[in-house]
Each structure stands twice: as C-alpha cells, then as structure tokens.
Amino acid sequence: MSESTVGASLPMVVDTHHRPLRSLRLSVTDRCNLRCQYCMPEEEYVWLPRENVLSFEEMQQLAGYFADLGVDKVRLTGGEPLLRRDLSRLVRLLLQDRRITEIALTTNGILLADQIQDLYEAGLHRVTVSLDTLRPERFRQLTRRDEFARVIEGIESVGKTGFTGLKLDTVAIRGFNDDELVGLIEFAKHYRAEVRFIEYMDVGGANDWSLAKVLSRAAILEQLTQHYGPIVALPARDAAPAQRFQLPDGTTFGIIPSTTTPFCATCDRSRVTADGMWYLCLYASNGQDLRQPLRAGASPDHMRALIRAGWEARRDRGAEERKSLERSGLRNGKLIGIDQLREDPHLEMHARGG
Ligand code: SAM
Ligand code: SF4
Ligand code: SF4
C-alpha cells in the first residue's frame, strides 16, 4: 500500500522503503558568492541558463503540488539563496499554503544582515548559517573570498530580530578545522545557537574528498568528550539528519554523520533545483524535469501524478550505497569526474542544494 493518512487528513505517499514524502529542499539559485573548496573548487562553472530558472510563482505552484502529497517542510537553499533578489517574497508566497508549517533557510550568511528583518517579517521560521572556521585567514583560504566579517555580522543579526533556534553548520574536515570544534561550540553558545558538525561528503565537485579527510562522528565525540567530559546522546527525532548530544553543562550540539553512519532509512527529503529538476537523493545522478510540464500548462492532477509516481518508485539510499562501496574496497578514485560535472551541472552540490 502506498498511501495512508496521518492525523486529520494529510495524504501521505510513501516510497519503496516506506519513507514518506515530507520535506522539500528548494534550491533557488545555483550561483554563489563563495567558492568553498569542498563544494565549488573551481572558479568558473557552467551555470543553469537564466531563462530556465523558475520564478517565485512557479516555485510556489510546485511547492503546492508537493504539499498536496504530504510535504510540510521546505528548506530554501542553493547556491547562495540570498543572492536571489527579494527572497522574503518567496517566503510569503510559500506561506500562503497553510499546509507548509515550516520554512527554513540555509545560507552562508554574507548577505544575511541586510535581509534578516524582511525574512523575519515574511514569516521565515528557522535560519541555518554555514560556518566552518572562526579564523578569518582560514576562512579566506577555504572560501577564496574575504567575507568572514560579513558572515559574523550576519550571525549577530539573527538574534537581534527575534529569531530563535539559530543553527550553525560546520563541515568537519580532518587536518583543516578539527582543532576548532570546541571554539565553535563556545562561539555558538554566545549567540544561543546550536552547532551541527557535518561529516565531509563526496558530492559533485567535492573532488578533493577522501575518506582520510572525513572527521567521523566517533572522532568528533571523542575529542569533545576529552574536553568537556561525558556527553549524552539525546533521543532521536524522526527523520532529522542530525543526531543531537548534550554536554555536561546542558549545551546541545548535533552531528550529521552522512558518511560514516548514513540515515537513508528514514530519509523523507527530496530536492528541486532552481530550474525545476527534481532529485530523489543528494547523490542521484538523474532527476525528473518538472519545469517542462509546469510551463507547458500541465494540469494539477498531471503534476501530482508525476510526483506521486516518482516518489512511489523511489529506491534511493545513496549514502548507504557509497558506504558499502568503501567497505568492500570496490571504490577506486572519484565517483564523478570533472568532465561529467561540466556536462551536467545538476550533479553539483551548489546546484542541487546541500
Ligand atoms: N550556500 C549556502 C550555504 O553554504 O549554507 C547553502 C547551500 S550549501 C550547498 C548547503 C550546505 O552544504 C552548507 O552547509 C555546506 O557547508 C554543505 N556542503 C557543501 N558541500 C559539502 C560537502 N562536500 N560535504 C558536506 N557538506 C557540504
Ligand atoms: Fe560554499 Fe554554500 Fe557556496 Fe557551496 S553553495 S560554495 S557551501 S557558500
Ligand atoms: Fe536521503 Fe540520499 Fe541522503 Fe540517503 S543519501 S539520506 S537517501 S538524500
């Protein structure tokens, strides 16, 4: 059976592993004002053609079809989502649909101070800022831009508007920022934020990735235990990618162990790129074009049927598959070569949204 009802009358479509369709990551642009080495190691990219990029109204329409099938959480991402002019207008449009109960934003923070008030007034629920280091020089080396001060300003601006629940996402890389875990936790405390350490993943242009650079969940916990004392694991929340922990003084933090302990079994997320390609997994090599039928005037029933059929056929467990390749020693070298990336920019992390 592939449809059931939760609570009152929310329709729920499930995939071949009985995972519901609940959460949508909407990438609003593939452009970015940073060049993080693990995400956009090159300076120039093949960008999505501008005429293909969906308008906010088209995104609203698509989100509505997803909501018809059970989606209630939307995360705006990119590229850098704040490069998209007047993003708060999209937040307002999405919130016209009462079934969408949570809209979150993942941003590098550079343009946040300028836009945070508008986003707050528009009703955005949660903000996540990516921050990998507290050292300006290291930041410049990682991102190849001198924007550290503006990111910190962006983080400071969040609390001033009345937002609560700020999250700071840190990609933990062995030999790069593994000496900053404690510093980042202390920094977050100061801003009443929660750090989430993300294990380095091999996605798209992360062509410098190697298992040796992954700072594992176990290594993170060991280091933090040595510094703070015993750490307690908090109960799991359904389908949340972050495992949460508590330090002896009550401070909480998260770890997203995508590489060493994949959480595909409960994954309810899918992704729509800025040009309307729908991907069922972060690692999926093929997506479904939703822009074409949308712009051709397909009926709501047709759009819903497309999405329903796509989700019901979903088998993806990308991170688990990669892990078993590693384990069996079958993996040799890069999974996606640079030529392939240039041919299909959708394979890039900055196109499909992290
Ligand atoms: N530009 C925004 C930002 O950086 O927050 C949003 C898009 S970015 C692709 C979303 C998240 O993906 C960021 O937190 C980033 O650190 C993370 N990310 C990108 N490449 C990654 C990789 N190879 N491994 C783990 N996380 C990665
Ligand atoms: Fe860095 Fe985010 Fe831009 Fe990727 S999309 S280069 S992670 S800021
Ligand atoms: Fe979900 Fe794919 Fe990530 Fe697994 S690898 S958690 S299926 S997006």
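Colleague: Which ring does the charged end of Arg 138 sit over?

Modeller: The ring of Phe 176. The charged end of Arg 138 is 5.8 Å from the centre of that ring. The general rule: NZ of Lys or CZ of Arg must be within 6 Å of the ring centre and within 35 degrees of the ring normal.

Colleague: What are the ground rules for the model?

Modeller: This is a predicted model: local features need pLDDT of at least 70, side-chain atom pairs count only at pLDDT 80 or more, and totals for chains, interfaces and linings use all residues. Residues are numbered from 1 along each chain as its sequence is written, chains are lettered from A and ligands numbered from 1 in the order in which they are written, and side-chain values use heavy atoms, with hydrogens and water left out.

Colleague: On to rings. How many aromatic pairs does the count come to?

Modeller: Rings of Phe, Tyr and Trp (its six-membered ring) pair if their centres lie within 6.5 Å; planes under 30 degrees apart are stacked, over 60 edge-to-face, the rest tilted. Here the count is eight aromatic pairs. Take Tyr 38 and Tyr 200: ring centres 6.3 Å apart, planes at 65°, so this pair is edge-to-face.

Colleague: Which parts does that pair tie together?

Modeller: Elements are DSSP runs, numbered from the N terminus: helices are H or I with at least four residues, strands E with at least two. Tyr 38 is in the loop between β3 (23-27) and α1 (56-68), and Tyr 200 in the loop between β8 (194-199) and α7 (217-228), so the pair links parts 162 residues apart in sequence.

Colleague: Are Tyr 38 and Tyr 200 buried or exposed?

Modeller: Both are buried. Buried means under 20% relative accessible area, exposed over 50%, partly exposed in between (1.4 Å probe, protein chains only). Now a second edge-to-face pair: Phe 197 and Phe 253, at 6.3 Å between centres and 65° between planes. Phe 197 belongs to strand β8 and Phe 253 to strand β11 (residues 252-256), so parts 56 residues apart in sequence are tied together. Phe 197 and Phe 253 are both buried. With Phe 245, they make up one aromatic cluster.

Colleague: Back to Tyr 200. Which side chain has a polar atom 2.8 Å from its backbone oxygen?

Modeller: That of Thr 259. A polar contact is a pair of N or O atoms within 3.5 Å; within protein, one must be able to donate a hydrogen and the other to accept it, and residues adjacent in sequence count only if both atoms are side-chain atoms. Thr 259 lies in the loop between β11 and β12 (269-272). Its relative accessibility is 15%, so Thr 259 counts as buried.

Colleague: Now the ligand. How many residues surround ligand 1?

Modeller: A residue is near a molecule or strand if one of its heavy atoms lies within 4 Å of it. For ligand 1 there are 18; the closest are Tyr 38, Gly 79, Thr 107, Ser 130 and Met 201.

Colleague: Where does Tyr 38 meet ligand 1?

Modeller: At an oxygen atom of ligand 1, 3.1 Å from a polar side-chain atom of Tyr 38. Thr 107 uses its backbone: a polar atom there is 3.2 Å from an oxygen atom of ligand 1. Glu 80 has a polar side-chain atom 3.3 Å from a ligand nitrogen atom.

Colleague: Next, α1. What does α1 reach from its first C-alpha to its last?

Modeller: 18 Å, over 13 residues, close to the expected 18 Å. The expected span is 1.5 Å times one less than the number of residues.

Colleague: How many residues of α1 are buried?

Modeller: 10 of 13, so α1 is mostly covered. Among them are Phe 56, Met 59, Leu 62, Tyr 65 and Phe 66. In general, an α-helix has 3.6 residues a turn, so residues three or four places apart point the same way. After α1 comes Gly 70, with a positive phi near 120°.

Colleague: Which residues other than glycine have positive phi?

Modeller: Two cases are His 18, with phi near 65°, and Arg 144, with phi near 55°. His 18 sits in the loop between β2 (10-13) and β3, and is exposed at 60% relative accessibility. Arg 144 is in the loop between α4 (136-143) and α5 (148-161), and is partly exposed at 26%.

Colleague: Last, how many disulfides does a search of the whole structure find?

Modeller: Zero. A disulfide is a pair of cysteine sulfur atoms within 2.5 Å. Cys 39 is buried at 16% relative accessibility, and Cys 281 is buried at 12%.
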